Amino acid sequence: MLSASRASRAVWLWMIVGLVGYFIMPWYILEDGFFSFEWLDGYPFDTDYAPAAFLIAQGEKLWLAPLVLPLLLPLVVIGNKDRQRFSTLLIIAGSAGLFYLFAQGFAIGIRGFNAEWLGVLFGELGDRQFGFGYGAVLLCVAFLFYLTTGVAARGYINGDVFVVGAIGFIISIVAIFIFFPIAQMLSSALRDNDGVYSLAVFVAKFSENKIWGLACLSENRGCGVAWNSLFLAVIVGAATTVLGLVFALVATRSGFRYSNWLRALTVLPIITPPFVIGLAIILLFGLSGTITQWVAGVLDLQPSRWVYGLPGILIAQMLSFTPIAFLVLIGVVEGVSPSMEEASQTLRASRWHTFKTVTFPLIRPGLANAFLLGFIESMADFGNPLVLGGNYDVLSTEIFFAIVGAQNDQGRAAVLAIILLLFTLTAFYAQRRWLGRKSYITKTGKGDGGSHSLMPRRVMWPCYIIASIWVIFTVTVYGMIIYGGFVETWGLNHTLTFKHYITAFAVGVNDFGLHFKGSAWDSFWTTLKIAATAAPLTAIVGLITAYLLVRQNFAGKQWFEFGTMLSFAIPGTVVGVSYILAFNVPPLELTGTGIILIISFVFRNMPVGVRAGIASMSQLDKSLDEASLTLGASTWRTFRKVILPLMRPAILAALVFSFVRAMTAISAVIFLVSAEYNMATSYIIGRVENNDYGIAIAYSTTLIFVMLSAILLFQLLVGKTQTTRPLTQSRTNVG
Amino acid sequence: MKLRCRIAGAVTLALMGSAGHTIAAEKLTYYCSAQEDWCQLMATGFEEATGIKVNMTRKSSGETLAQIKAEASNPKGDVWWGGTGDPHMQAAEEGLTEAYESPMRAELHDWSIGQSESAGNKTIGIYSGALGYGYNEEILKANNLPEPACWKDLLKPEYKGHVQMANPNSSGTAYTTLATIVQLFGEDEGFEFMKGLHKNINQYTKSGSAPIKAAARGENTIGIVFMHDAVKQAVSGFPIKVVAPCEGTGYEIGSMSLIKDSRNPENAQKFYDWALQADVQSRSLEVKAFQVMSNKTAESSPQAPDLASIKLIDYDFTKYGSSAERKRLLKKWDDEVSTLPR
């Protein structure tokens, strides 16, 4: 009966939330935003700002009136001892409320009825409504948790109100912010330009020669974009994996003393805004680039535009994505248990033989993982092909220009997006299939004392050479980037100047105090605000999901996991296109707000939070939760008081990653920025377009330093306590 | 002005009582498709002149048209200023913009009024610029190439790999080029020209002004662009020489439109009238915009290409701005030109 009273308490809580939504909060979305509080002027009677109850009282929007029934329905059964009746009524109230809320939202839009048959059925409406505001959202939340509480009262997952509620919540938001937009995009791919559904149009667009053409094999012209993307992604995946492995071996198996520096260096590209690497590569290898000119002079050749196209994109993507492969592989290489290698060497195998037959097979799954990450990242990359693509068209840029270009064809963009999505999803699925079947666990927690043996010579030297070349190259590129921010005009006038920094970040003093005069401040503050809001939300959603996946068992768990990890495989351009299609009209009217940017970041980066959470949670002994639960704490309390504090590293990882991604993302952002919410990356692309390399580079350099300090700050905030000690202590206590 | 608004607001408030509608802060959502600094100048200029708060988004004209189209059932923008005329004409054709006859029309050049009338007064010309090309003198010299002066010069085999233009599928500038060539040489000969040009092109860029920017930075030799874009690079100190092709050339009319069913229609009209004033248009020089402005008395730069001295064709905006003709030409270009080997 403990959980029964808990369920009743939950119902009370959500009813209050729902009542606040219905009677107090403004029902519709506010044009000036909630936190400008302009709505207080005229509230609660002004029909733009009124809560639902006040609208109905004034005889407006009467179709909102029935919502009060399911909201108050649970009063009938609250405190009722009959569990069956209690849960049935809650489920009815919750699902009926949700259904009616969304049905009216989709049926009545900005121009009255959204579908003609509704007008025929009910007569012309002569009224209209805008998107959901906070009032509607709160009511929606209340209905959702009525439903989950009802399901919990049925005994699902031991009748645990918190767990069922969390599952319901995650499913709902994933459905709304991942599946709904993708579905909208699919349906737009199936329509012709007049909005009529037509399979023929889809097939014609899908099988276009521009997408699948194979002319490059036989003649001197380009292949279809799909092949271009695929070919590029395979090479980038392979190359970044090899380089990542080389670095991982040098860092862990060579006795190399400065491996910390190596790690720092490889992190750099992750926090570099897009375009910058591309620009640096043009400055080095372009027709008038330093290196091209030098080589041409030495060899007495005519300099050429060789870098534009596949070679350029390849170099830039390898620079950008090798660190990702490195980070994956260093964990794997370190994770191989030394005792295995020692065993091999004790059996008199040579170092080379050990490496070939023991170490290498054990890191193979890591290689597959790294390859697929590189593959997906390359497919989704937008900035580098844009700057360096030449005539080598790839899907991500083609999608962008299908929407913004003179042809202006949303249907074609959707078709291309579907192809891109098919590629990445196939890779994603292949990875899960392939890695899911085999076990490569060598660390069993049973006393792995030994230290890693060094690489054999014949592996070591090539590794050293490749790594050194790459390090020199990376340092050169970043040197160029920093230098580029301080010269007057690249390629023309190399006088040193602070001009670009002053244009972008000038600060003056006027009557009101500090005045941020520089042209970049506006987008800078917006970016900072949005990244700082998105990061904790991503961490929360990710960790709750991880908790459900690791600690709870429920039907359909695989699908739940797949759904939450899916967004990782969805390229940013696809997210951008589908969000515009889905969230421009009521009931979910989010375009032009900062919220849509935050949401897109949260859902794009959620899988990383989930992964980090799973990894760290699997290391926590379940007996800890059980002890807490046995002592009478609720699951929510256990999660908050026991698990959360032990997961600091995972929280940190999720925070850092989502913050950095929010500051450097471009592909989705470019579709979603608006006048009020302009982001740094979209400002930078504008400067690049305008040939203002100086400001673009100066701004990017600033962002790199901001991100570095933010990472340090997060580390200070989150990582004060080490998790290892309390963990071992509690383990010994429990054991 | 600001004060008057406040007083008006207070009076209305008092009249209507607390239950009535209130006057929200005066504002304007402004989509801009010209260069960033020009957009900024217009936004702050209007704020200073009227006290109306301006929210600006800068996107290329294609992007903006896509956005307005996507937002058609719930428009967020009020006015769309700048960018080549074709997307504005297209928006007019698709009923995304509002007809308006500004009292400022008397002060405008005929080409501006003409364009407006051909779109049912749903758009108006604010500046115009002639098409041409520019080349990087240093690279030309380094490669021992002759100086080109006509469109047909660009077909010479020695320029192979030295010419750049944008892809007409993604850029309004390049579409204007295609339409100009078709009007100049006739459709058949025009497409023969495009095929010949194709052999010399090193890259079809995505954005219209990219070819001359690449030439400025020494990444390309000849870029087919609007002449004012080339002039801008030359004035910035790059070794760019601007060419007005000897056969004659087409031109664009940068336009302005009011978005239909917008949220602040009165402020949008205010902006519209204001943007056509001579003193406002003269400020284009501050941001090195070398187009010819539509107000007859607006100043133009001595460095700007003088439209009077350039042989301009009689560009048919109605025909070549229509969706059907555009689609037909682009498809033909796609099928017959872009698929050819180089």
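**Contact between chains A and B, and three positive phi values**

In this predicted model, the contact takes 42 residues from chain A and 44 residues from chain B.

Trainee: Which helix gives the largest share of the side of chain A that touches chain B?

Mentor: Helix H19 (395-404) and H31 of chain A each supply at least two residues of that side. The largest share is three residues, and these come from H19(A).

Trainee: By class, how many residues on the side of chain A that touches chain B are polar?

Mentor: That side has 13 nonpolar and eleven charged residues. The polar residues there number 18.

Trainee: Is helix H31 of chain A largely enclosed by the rest of the structure or not, and why?

Mentor: The buried residues of H31(A) include A:Tyr683, A:Ile684, A:Ile685 and A:Arg687. Nine of the ten residues in 680-689 are buried, so H31 of chain A is largely enclosed by the rest of the structure.

Trainee: Which residue with a positive phi follows H31(A)?

Mentor: Most residues other than glycine have a negative phi. The phi in question here is near 65°. The residue is A:Asn691.

Trainee: Is A:Asp300 buried or exposed?

Mentor: A:Asp300 lies in the loop between helix H14 (290-299) and helix H15 (310-335) of chain A, and its phi is near 55°. A residue counts as exposed if 12 or fewer other C-beta atoms lie within 10 Å of its own. A:Asp300 has 6 within 10 Å, so A:Asp300 is exposed.

Trainee: What is the phi of B:Asn144?

Mentor: B:Asn144 sits in the loop between helix H6 (137-142) and strand E6 (163-166) of chain B. B:Asn144 counts as exposed, with 7 C-beta neighbours inside 10 Å. Its phi is positive, near 55°.

Methods: Residues numbered from 1 in each chain as written. Chains lettered and ligands numbered in written order. Predicted model: local features only at pLDDT ≥ 70, side-chain atom pairs only at ≥ 80, totals over all residues. Buried ≥ 20, exposed ≤ 12 C-beta atoms within 10 Å, placed from the backbone. Helix = DSSP H or I, 4+ residues; strand = E, 2+ residues; numbered from the N terminus. Contact = placed C-beta atoms within 7 Å. Nonpolar A, V, L, I, M, F, W, Y, C, P; charged D, E, K, R; others polar.
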